[in-house]
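Reader: I would like a close look at one helix of this protein and at what surrounds it. Please take your time over it, and then place that part within the rest of the fold.

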Amino acid sequence: MITIGRRVVSLAVALALAATAGPSGIALAQDAPFPTRPITLIVPFPAGGPSDALARAVAHGMAETLGGTVVVENIGGAGGTIGLGKVAAAPADGYTLGFGTIGTHVANVALYKTLPYDPLTSFVPIGLAGTAPMLVVVRPGLGVSDLRGLKAYIAASGGKTTYGSAGVGSIAHFACVIMLAAMKQPAAHVPYRGIAPAMNDLVGGHIDFMCDQPTTALAQVTAGKVKAVAVLSDDTVPQLPGLETVAKAGYPQVSFRSWSALFAPKGTPPRIVERLNAALRATVAEPALQAKMQAVGVDLPRGDDLAPAAVSTLIADGIARDVPALKALGAALD
């Protein structure tokens, strides 16, 4: 028997207490409730873009499932590396999460010589949040209606054609780089602080084209303010049934879909990851959210695609496939 203060406990109980003690010696209950305070979801891009819209919808649903609060914090800059760097450095307790994308976890590996995180080892995936095709949209009056026409326009401009994006390393930048490489045509990149100002300049005719997710592009296309000339994947877009796919345009190698996922810092306890994954699964299964996202061209994950391991596979496959291609294009930043 061991005496603790005035209490006498058995050796078995003492060993159990020791096994669940943290670094400070305070016992940590394995079934302690979570969450007991607000969770912060860092979106590493400015507010108003497609990633932000999906993140806020997912955060709202998860908060209801968890019975707590999920606060979205936008920390933009450097293609998402600043915000994700803060997630990687945060305590691994489940109260700071990050909203990563194919840009932050794949493209940035090639675009930046150093990153404040390792896409494969600095985080624990919670689960996939959504995927979407990319649309190629052009300014009013450009006079092209498909990718063949856009290629001819770029070739005739002598390198003066411009395209916009939400910033270096953003999904919009990444998609256009891949497309231009397949076309073997140069164009001048004009990065913006977010997709909204880029779209505004496209509508105003200040840039020639851009690659954008349906979440933000569809409204402008249906309003006739910009023209969609292709979808950069094998998927058709229900809202634009006559839109040419990239394969039909002669570039089957450019099958590109954006993806977004939730991440926690490395070392987050498995039980918390499981709790968060369960909340994410419940959220994306809601018919109301599915209908809302489908209306703007976003596909929510189902079944095995919601497993954390599926996100790890997306990252590893993307790095193996796309990073060498980007580096071969000399896309790395100084």
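Author: What follows starts from helix α4, moves outward to its neighbours, and ends with the protein as a whole.

The model is a predicted one, and the distances and areas given here are computed from it. Helix α4 spans residues 102-111 and is mostly covered, since nine of its 10 residues are buried. The buried residues are Ile 102, Gly 103, Thr 104, His 105, Val 106, Ala 107, Asn 108, Ala 110 and Leu 111, a list in which nonpolar side chains stand beside those of Thr 104, His 105 and Asn 108. At the N-terminal end of α4, Thr 101 acts as a cap, with a side-chain oxygen placed 3.0 Å from the backbone nitrogen of Gly 103.

The cover over the buried residues of α4 includes three helices and three strands, namely α3 (81-89), α6 and α11 (308-328), together with β5 (96-101), β6 (123-133) and β12 (257-265). Several of these elements can be followed further.

The first to consider is α3, whose buried residues are Thr 81, Gly 83, Leu 84, Gly 85 and Val 87. These buried residues pack against α4, and also against β3 (39-43), β5, β6 and β12, so that β5, β6 and β12 are named both here and in the cover of α4.

Strand β5 holds Thr 96, which is buried because its relative accessible area of 16% falls below the 20% limit. Setting aside residues up to four places away in sequence, Thr 96 touches Thr 40, Ile 42, Val 87, Ala 90, Ala 264 and Pro 265. Val 87 is one of the buried residues of α3, and the contact between Thr 96 and Val 87 is thus a residue-level example of the packing of α3 against β5.Helix α6, another part of the cover of α4, runs over residues 171-183 and carries Phe 174. Five aromatic pairs are counted in the model. In one of them, the ring centres of Phe 174 and Phe 256 lie 5.1 Å apart with the planes at 90°, so the pair is edge-to-face. This pair links distant parts of the chain, with Phe 174 in α6 and Phe 256 in the loop between β11 and β12, 82 residues apart. Both Phe 174 and Phe 256 are buried. Further along α6 comes Ala 181, which is partly exposed at a relative accessible area of 30%. The C-alpha atom of Ala 181 is separated by 8.8 Å from that of Ala 325, although their positions lie 144 residues apart along the chain.

The loop that holds Phe 256 also contains Glu 244, between β11 (227-231) and β12. Glu 244 counts as buried at 18% relative accessibility, and its side chain is joined to that of Arg 148 by a polar contact of 3.0 Å. Beyond residues up to four places away in sequence, Glu 244 touches Asp 146, Leu 147, Arg 148, Val 229, Ala 230, Val 231 and Ala 249.

Leu 147 leads on to the nonpolar interior. The largest nonpolar core has 50 residues, and those with the most contacts inside it are Val 136, Leu 147, Leu 150, Met 179, Phe 209 and Leu 232. Helix α6 gives the most to this core, with 10 residues. A second, separate core of 34 residues includes Met 62, Val 72, Tyr 95 and Leu 289. The ring of Tyr 95 also has the charged end of Arg 37 sitting over it, 3.8 Å from the ring centre. Elsewhere, Tyr 117, Phe 123 and Phe 263 form one aromatic cluster.

For the protein as a whole, the secondary structure comes to 11 helices and 12 strands, and 50% of the 334 residues count as buried. Among contacts between residues at least 6 apart in sequence, 77% join residues at least 24 apart. The exposed area is about 14,700 Å², of which carbon and sulfur atoms supply 57%. Against this background, α4 is a mostly covered helix, with a capped N-terminal end and with cover that includes α3, α6, α11, β5, β6 and β12.

Note on methods
Residues are numbered from 1 along each chain as its sequence is written. This is a predicted model: local features need pLDDT of at least 70, side-chain atom pairs count only at pLDDT 80 or more; totals for chains, interfaces and linings use all residues. Side-chain values use heavy atoms; hydrogens and water are left out. Helices (H or I, at least four residues) and strands (E, at least two) are DSSP runs, numbered from the N terminus. Buried means under 20% relative accessible area, exposed over 50%, partly exposed in between (1.4 Å probe, protein chains only). A polar contact is a pair of N or O atoms within 3.5 Å; within protein, one must be able to donate a hydrogen and the other to accept it, and residues adjacent in sequence count only if both atoms are side-chain atoms. Contact means heavy atoms within 4.5 Å. Rings of Phe, Tyr and Trp (its six-membered ring) pair if their centres lie within 6.5 Å; planes under 30 degrees apart count as stacked, over 60 as edge-to-face and the rest as tilted. A charge sits over a ring if NZ of Lys or CZ of Arg is within 6 Å of the ring centre and within 35 degrees of the ring normal. Accessible areas come from the Shrake-Rupley method with a 1.4 Å probe; for residues, only the protein chains shown count as cover. A nonpolar core is a set of buried Ala, Val, Leu, Ile, Met, Phe, Trp, Tyr and Cys residues joined through side-chain atoms within 4.5 Å.
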